[in-house]
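Student: I've got the sequence and the structure open, and I'd like a close look at one part. Could you walk me through the sheet and what sits around it?

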Number of protein chains: 2
Amino acid sequence: MTARTPDSARDIPEATVARLPVYLRALTGLAESGTTTCSSEELAASAGVNSAKLRKDLSYLGSYGTRGVGYDVEYLRYQIAREIGVTQDWPVVIVGIGNLGHALANYSGFRSRGFRVVALLDADPARHDEVVAGLDVRSFEDLESIVTEDAVSIGVIATPAVAAQSVADRMVAAGITSILNFAPTVLTVPPGVDVRKVDLSIELQILAYHEQRKSVAPGSEVVS
Amino acid sequence: MTARTPDSARDIPEATVARLPVYLRALTGLAESGTTTCSSEELAASAGVNSAKLRKDLSYLGSYGTRGVGYDVEYLRYQIAREIGVTQDWPVVIVGIGNLGHALANYSGFRSRGFRVVALLDADPARHDEVVAGLDVRSFEDLESIVTEDAVSIGVIATPAVAAQSVADRMVAAGITSILNFAPTVLTVPPGVDVRKVDLSIELQILAYHEQRKSVAPGSEVVS
DNA sequence: GTCGTTTTGTTCAACCGTTCACAAACTCCT
DNA sequence: AGGAGTTTGTGAACGGTTGAACAAAACGAC
């Protein structure tokens with residue numbers, strides 16, 4: 001048996017980390033529908049995974065269930081939120097207020113899940129008088145002062161591809177250590193900085209690959 | 001040695017499929033900058049992976065390189081495009097023309113990569129007179145006729161979470177077999193239908209998890 | 001208190017994906 | 001033609017992820 005650390009401190013597998021937010025959302029849904037207790041089977045169904053995987057994932061956080069009973073929805077929800085770090089609010093800055101930047105700025109899912117958009121920046125002065133989602137679009141030159149003042153550690157890049165690398169460089173120089181990149185380009189960052197990328201057309205291309213296969217071979221593939 | 005099938009027919013690992021579009025983009029970039037030949041090392045650098053992985057990925061498609069020389073950029077680009085299926089155009093329908101739907105409809109990366117948005121649908125009649133990205137927003141009730149008429153097999157869901165499942169059900173009933181879901185909810189679909197999901201807040205939460213860990217001193221344990 | 005039922009937490013084996021290391025194959029130079 | 005240098009394609013080892021199966025623990029009935 002591994003040593004039982006009182007507070008969570010062990011390293012959680014990356015695949016598990018990626019699913020924790022899904023469990024968190026499922027638990028929120030259950031809580032809103034009035035459920036106070038749930039089994040791993042129920043929660044797994046809500047999250048779209050199988051129950052063995054769910055239990056294994058939760059076991060990395062600690063032992064928050066009760067055998068023979070299940071999980072207390074509110075308690076587990078809090079534990080996962082704490083583990084992810086969304087019990088506190090994370091200030092976020094969005095750079096590139098085009099169509100996608102607009103959508104991101106207005107996305108209510110950010111604020112409701114522990115993220116607070118503190119600034120919208122764009123290199124184009126023509127956009128600087130605009131007000132989006134209650135925030136006025138500011139100059140990209142303000143990046144450093146905003147990052148310092150609001151202790152921003154997460155940046156979102158929604159610029160055209162050509163600008164993305166230089167924006168990332170400025171972000172890193174300003175002190176940002178986590179970047180969510182929507183621009184269709186590969187970012188190079190120094191060690192210690194995390195980058196996650198969301199690429200819309202890549203997702204469609206993956207679907208197209210499988211779609212093409214369906215029309216050829218009868219052996220169908222299912223990805224949930 | 002495994003049997004050499006003349007045309008691509010073997011099953012390509014899912015992880016490899018997800019990277020092929022990245023290679024395709026990197027090759028397009030190289031071609032635009034006038035490069036006609038590249039080594040696996042160069043291409044891997046452009047794509048942000050290591051060269052061994054790149055070579056192994058490409059080996060699933062066939063043997064398209066020349067030892068001692070490298071890859072012909074244009075030739076390899078075509079082969080990957082053919083494998084993914086983006087040499088033909090894929091008609092796509094987008095449902096839910098809110099902020100995100102707007103952004104998706106205007107996203108030029110779709111059309112330039114083999115996808116053609118044929119219709120924008122929304123359940124809200126107040127949006128039906130709007131024109132977005134050169135297309136007029138139509139009623140969700142038109143889904144079936146559009147899917148049939150334009151042979152649409154890929155649908156994009158950009159609706160609020162509560163509507164997503166019923167939209168997916170209608171899409172599946174209409175004949176769509178691949179769905180890209182931007183709504184923050186788990187979709188249930190019958191076997192044979194592929195779903196990929198893009199979840200903006202989940203990506204941020206994964207970053208937050210790692211960010212939280214950075215600020216804590218490595219190996220420090222708090223025991224009260 | 002004991003038994004039976006339920007459900008978690010964990011162990012174990014199979015699977016998938018990544019990386020290393022190297023033989024095979026091609027070019028260039030002499 | 002042959003040898004040196006280069007780069008691909010792949011076999012094999014390794015580590016991470018998944019899924020099944022089960023022991024441990026809690027609860028309720030009596």
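Tutor:

**The sheet and its surroundings**

In chain B, seven strands make an open sheet of mixed pairing, and their order is S6-S7-S5-S4-S8-S9-S10. At the edges are S6 and strand S10 (194–197) of chain B, each of which pairs on one side only. Keep in mind as you look that this is a predicted model.

Let's go inward, to S5(B). Seven of the eight residues of S5(B) are buried, so the rest of the structure largely encloses this strand. What does S5(B) pair with? One partner is strand S4 (residues 90–95) of chain B, which runs parallel to S5(B) and is joined to it by six bridges. You can follow that pairing residue by residue: B:Trp90 stands opposite B:Phe115 in S5(B), and B:Val93 stands opposite B:Ala119. Another partner is S7(B), again in the parallel sense, this time over three bridges. Here, look for B:Asp122, which stands opposite B:Ser139 in S7(B). As background, strands of a sheet pair through backbone hydrogen bonds, either parallel or antiparallel.

Before leaving this part of chain B, stop at the loop between strand S6 (131–132) and strand S7 (135–139). B:Ala133 lies in that loop, and its phi is positive, about 55°, although B:Ala133 is not a glycine. Is B:Ala133 buried, exposed or something in between? With a relative accessible area of 42%, B:Ala133 is partly exposed.

Now swing over to chain A, which has nine helices and nine strands. Strand S4 (residues 115–122) of chain A is mostly covered, with seven of its eight residues buried. Strand S3 (residues 90–95) of chain A runs parallel to S4(A), and six bridges join the two. In S4(A), the residue opposite A:Val93 is A:Ala119. S4(A) also pairs with strand S6 (residues 135–139) of chain A, in the parallel sense and over three bridges. Across that pairing, A:Asp122 stands opposite A:Ser139.

Chain A has a backbone oddity to look at too. A:Ala151 has a phi near 50°, a positive value in a residue other than glycine. Find A:Ala151 in the loop between helix H7 (143–150) and strand S7 (154–157) of chain A. The relative accessibility of A:Ala151 is 56%, so this residue counts as exposed.

Let's zoom out to see where the chain A strands belong. The domain assignment splits off domain 1 (14–84) and domain 2 (90–202) in chain A. The C-alpha centres of these two domains of chain A lie 31 Å apart. Chain A as a whole fills a box of roughly 60 × 55 × 35 Å, going by its C-alpha atoms along the principal axes. Of its 224 residues, 46% count as buried.

What does the UniProt record add? An unreviewed entry lists residues 22–61 of chain A as "DNA-binding region". That span is 75% helix and 5% strand, and its end C-alpha atoms are 15 Å apart. UniProt, also from an unreviewed entry, lists residues 85–186 of chain A as "domain: CoA-binding". This second span is 33% helix and 28% strand, with its end C-alpha atoms 27 Å apart. The record's "binding site" annotation (unreviewed entry) covers A:Gly96, A:Ile97, A:Gly98, A:Asn99, A:Leu100 and A:Gly101. Pick out A:Leu100, which lies in helix H5 of chain A. A:Leu100 has a relative accessible area of 16%; the cut-off for buried is under 20%, so A:Leu100 is buried.

Last stop: a pocket. The second largest pocket has a volume of about 880 Å³. It is lined by 42 residues, and the closest to its centre are B:Thr159, B:Pro160, B:Ala161, B:Ala183 and B:Pro184. Which elements supply at least two residues of that lining? From chain A, they are helix H1 (14–32), helix H2 (40–47), helix H5 (99–106) and helix H6 (108–111). From chain B, they are helix H5 (99–106), strand S5 (115–122), helix H8 (161–174) and helix H9 (200–215). So here you meet S5(B) again, since it is one of the elements on that list. By type, the lining residues divide into 23 nonpolar, 13 polar and six charged.

Terms used
Residues are numbered from 1 along each chain as its sequence is written. Chains are lettered from A and ligands numbered from 1 in the order in which they are written. This is a predicted model: local features need pLDDT of at least 70, side-chain atom pairs count only at pLDDT 80 or more; totals for chains, interfaces and linings use all residues. Side-chain values use heavy atoms; hydrogens and water are left out. Domain bounds come from an automatic or database domain assignment. UniProt positions are given in the numbering used here, feature names are shortened, and annotations may be inferred rather than shown by experiment. Helices (H or I, at least four residues) and strands (E, at least two) are DSSP runs, numbered from the N terminus. On a 1 Å grid over the protein atoms alone, a cavity is a set of points where a 1.4 Å probe fits but cannot get out, and a pocket is an open set with protein on both sides within 12 Å along at least five of seven lines; lining residues have an atom within 4 Å of a point. Grid points are joined across faces, edges and corners, and a volume is the space filled by probe spheres set on the points. Ala, Val, Leu, Ile, Met, Phe, Trp, Tyr, Cys and Pro count as nonpolar, Asp, Glu, Lys and Arg as charged, and the others, Gly among them, as polar. Buried means under 20% relative accessible area, exposed over 50%, partly exposed in between (1.4 Å probe, protein chains only). Two strands pair if DSSP finds at least two bridges between them.
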